[in-house]
Amino acid sequence: MGSGGGPNGPEEEGGWRLSGSLEEFLAVAGAYLRSRPALHTVALTVSDALERRGLDLYGDEPPRFGWCAEAGEVSAALLWTPPFVPMVVGGDEVAARGLARVLAGVLAGGEGPAPGGVGAPVEQARAFAGEWARTTGQATRRTFRKRLYRLGTLRRPALPAGRARSAGEGDRATLERWHDGFAADVGATVGLGAGAWVDAGLARGGIRLWEDGGRPVAMAVATLPVAGSVRVTTVYTPPALRGRGYAGAVTADLSARVTAGGEQAVLFTDLANPTSNGLYRRLGYEPLAEFEEYTFEEYA
């Protein structure tokens with residue numbers, strides 16, 4: 001690892017450079033992120049949110065950024081917004097192992113918080129986790145595997161009773177409960193706390209509801225468009241109302257709105273959930289890539 005200023009300055013190994021500057025990160029790696037907007041959807045939306053709303057959006061610990069360049073061309077990127085795990089964007093297994101060594105070196109130097117894990121495309125995630133275990137002596141455990149889908153031709157389902165509408169301020173209490181319900185279902189924090197998440201969703205007009213009999217029964221949420229891509233996320237129906245077609249109806253409605261605006265629609269599913277994977281395939285979503293997340297912990 002070359003000399004440098006730690007998490008807020010350059011560190012080098014195998015072409016990797018780290019930075020605490022979002023402006024520098026986007027200047028160097030922004031074109032690479034935008035070159036594959038579907039595959040890089042999370043990095044694009046997170047960096048866009050940081051740029052619009054400030055570096056303290058996700059927590060008090062400053063974000064870390066990085067990129068790997070070969071012959072002057074960026075081939076992989078790092079986006080790390082503590083308390084969430086570092087995200088490796090693109091690259092290959094060699095780049096992932098190099099980044100693991102760089103971050104282990106930063107940690108050993110006491111220059112930042114310990115990454116609690118890593119998220120990346122499957123092969124890169126496994127390479128990073130393996131190198132991290134070898135370098136640090138920590139145990140690694142796979143905690144999540146998900147699939148990224150991109151909408152091909154939308155196939156609208158048979159619609160249940162009710163209609164779609166945009167969420168409004170009067171839906172706040174319901175939306176906050178559903179945010180927490182979704183987080184409990186997936187076993188993870190959904191970006192922001194419930195109140196801030198609702199504020200952001202209502203401000204951008206990105207939350208669609210299906211209502212039946214005058215009451216909301218399901219929701220689906222769209223990110224802001226970045227580089228021609230919109231991610232459909234937080235599709236949720238309360239447990240007592242599932243199995244009635246509400247989730248498919250609201251997802252189809254939102255997907256149609258996204259594509260009508262000229263954007264491509266993408267979404268993630270938990271591969272352990274056959275119901276959601278089957279639903280999105282029936283709607284016309286096509287598998288694009290798979291990702292894994294690992295947790296790091298000391299051996300007992």
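**Entry 1. The loop of P83**

I looked up P83 and found it in the loop between β3 (73-80) and β4 (87-90). Strands here are DSSP runs of E with at least two residues, helices are runs of H or I with at least four, and both are numbered from the N terminus. The model is predicted, so I note that local features need pLDDT of at least 70 and side-chain atom pairs count only at pLDDT 80 or more, while totals for chains, interfaces and linings use all residues. Residues are numbered from 1 along each chain as its sequence is written, and side-chain values use heavy atoms, with hydrogens and water left out.

I then checked the peptide bond from P82 to P83, which is cis, with omega near 15°. Most peptide bonds are trans, and most residues other than glycine have a negative phi.

**Entry 2. A71**

I recorded a positive phi, near 55°, for A71, a residue other than glycine. A71 lies in the loop between β2 (64-70) and β3.

**Entry 3. α3 and α4**

I turned next to the helix pairs. Two packed helices are described by the angle between their axes and the distance between the axes. Axes are lines fitted to C-alpha atoms, for helices over the stretch in contact, and angles run from 0 to 180 degrees between N-to-C directions.

Helix α3 (residues 93-108) packs on helix α4 (residues 122-136) at about 40°, the axes being 8 Å apart. I noted their crossing as right-handed; a crossing is right-handed if the near helix is turned clockwise from the far one by less than a right angle, and left-handed if anticlockwise. In contact (heavy atoms within 4.5 Å), residues of α3 including L99, L103 and L107 meet residues of α4, among them F128 and W132. The contact of α3 with α4 holds nine nonpolar, three polar and six charged residues. Ala, Val, Leu, Ile, Met, Phe, Trp, Tyr, Cys and Pro count as nonpolar, Asp, Glu, Lys and Arg as charged, and the others, Gly among them, as polar.

**Entry 4. α5 and α6**

I found helix α5 (residues 172-186) and helix α6 (residues 194-204) packed at about 120°, with axes 9 Å apart. The two are therefore oblique to each other; oblique covers angles outside the ranges under 35 degrees (roughly parallel), over 145 (roughly antiparallel) and 65 to 115 (roughly perpendicular). The crossing of α5 and α6 is right-handed. R172, L175, E176, H179 and D180 in α5 meet residues of α6 including W197, V198 and L202. By class, this contact has five nonpolar, two polar and four charged residues.

**Entry 5. α7 and α8**

I noted that the axes of helix α7 (residues 246-260) and helix α8 (residues 274-283) come within 11 Å and cross at roughly 45°. That makes α7 oblique to α8, and the crossing is right-handed. A247, G248, T251 and A252 in α7 meet L279, Y280 and L283 in α8. Five nonpolar, two polar and no charged residues make up the contact of α7 with α8.
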